[in-house]
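This report concerns the helical packing and backbone geometry of a single chain. The model is given below.

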Amino acid sequence: MGRPAKPVNAGARPRLRALAAYLRQLKDEADATYATLSERTGPTDTPGYRGASTLCQAARGTHLPPIETVLAYARAAGDPGSRAMQQRKATAQKLWKAAAIEKARPHLAGRGLRTRQVRTAASLGQALTRLRAGAGQPSYNVIERATDACGHRVPRSTAHLILGRDILPSREQLTALLNAFDVTPAAAAEWHTVLDRIEHRLQPPPPPARGGYTCADGDPVVQEFIERRARDEEIKRLAGQIHPDETYEDYEERMYERAQRQAADYWPYEDHEEPEGETEPEDEAEKQARAAEHSAFLARFKAMVEPDSPTEPITERP
């Protein structure tokens with residue numbers, strides 16, 4: 001009789017514990033040891049072979065095993081030609097994906113870019129990286145095999161360049177990557193629209209007609225400014241600086257008016273220049289009144305900015 005199996009790691013994440021518990025359930029239902037399960041995975045010189053220690057580690061719950069190990073475990077825990085084997089594989093794959101998404105959850109912090117905000121190859125690579133995290137953060141080897149199964153293989157190096165925001169994917173590569181990341185057909189259509197928009201913006205603008213002008217929307221500098229502005233708006237909305245019922249333009253106008261009020265409160269007076277052009281001559285009474293008003297203003301201003309003189313004699317009250 002073999003040694004009793006160690007309990008599932010209590011400190012593991014909930015979905016990882018659920019996967020480990022299901023794998024142990026399959027072993028108990030098969031009434032087999034890990035050595036027997038290892039023999040059922042195939043000969044030692046075949047790619048599908050998994051050793052007894054590998055299967056034991058997969059059911060321990062200390063770390064997330066590769067999906068290939070989980071599927072080999074499910075195949076070995078029963079008759080490989082039965083319909084129940086397909087059900088075991090489907091359930092194990094579902095639990096593994098849930099655990100993988102749980103593991104990749106730190107990569108999904110914050111809200112991702114909306115499709116209308118993706119305008120460059122860099123932002124598209126950032127969005128695809130987030131979709132990869134939502135699919136369980138598959139490795140580049142898994143991505144290459146998954147895209148190959150979809151009909152258009154994306155090599156590991158190419159996938160690394162696309163997700164690293166270095167190059168723009170082709171339509172076939174984007175389709176294969178979206179399939180590998182379990183993106184629905186409706187959402188995939190939106191991402192293809194994004195790719196079309198980026199490719200259109202990357203095309204050189206036509207020469208302006210005589211007397212016309214060239215639209216600057218396709219300039220990369222303009223696109224970078226628009227993306228920075230969109231990120232700034234999202235940060236300010238999360239921080240509560242932009243009210244829910246106002247746009248980013250309303251926020252800028254409110255900040256401009258606030259700056260104007262602060263400037264007016266800071267300066268105690270403003271210089272007003274007389275309008276250019278011919279003006280009507282002032283009579284003597286108006287000149288004297290304006291001079292007296294100016295003298296009074298200067299006296300009030302001097303009292304505001306200059307402290308009381310400490311050299312004045314201090315007289316005691318009787």
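The text proceeds from the whole chain to one helix, one helix pair and two loop residues.

This is a predicted model, in which local features need pLDDT of at least 70, side-chain atom pairs count only at pLDDT 80 or more, and totals for chains, interfaces and linings use all residues. Residues are numbered from 1 along each chain as its sequence is written, and side-chain values use heavy atoms, with hydrogens and water left out.

The secondary structure of the chain consists of 13 helices and 0 strands; helices are DSSP runs of H or I with at least four residues, strands are runs of E with at least two, and both are numbered from the N terminus. Of the 318 residues, 27% are buried, where buried means under 20% relative accessible area, exposed over 50% and partly exposed in between, for a 1.4 Å probe and protein chains only. The accessible surface amounts to about 22000 Å², and carbon and sulfur atoms contribute 53% of it; the areas come from the Shrake-Rupley method with a 1.4 Å probe. Among contacts (heavy atoms within 4.5 Å) with a separation of 6 or more, 55% join residues 24 or more positions apart.

Helix α8 spans residues 156–163, and its residues T158, A159, I162 and L163 are buried. These residues lie on the same side of α8 because they cover an arc of only 125° around the axis, the arc being that of the directions from the helix axis to the C-beta atoms. The cover over the buried residues of α8 includes α6 (121–134), α7 (140–149) and α9 (171–180).

How are α7 and α9 placed relative to each other? Their axes are 9 Å apart and meet at an angle of about 110°; axes are lines fitted to C-alpha atoms, for helices over the stretch in contact, and angles run from 0 to 180 degrees between N-to-C directions. The two helices, α7 and α9, are therefore roughly perpendicular to each other, a class that takes in angles of 65 to 115 degrees. In this contact, I143, A146 and T147 of α7 meet A176, L177 and A180 of α9.

Two residues other than glycine with positive phi are listed below.

| Residue | Phi | Loop | Relative accessible area |
|---|---|---|---|
| D31 | near 50° | between α1 (14–30) and α2 (34–40) | 72%, exposed |
| R165 | near 70° | between α8 and α9 | 44%, partly exposed |

R165 comes just after α8.

Key
Parallel < 35°, antiparallel > 145°, perpendicular 65-115°, else oblique.
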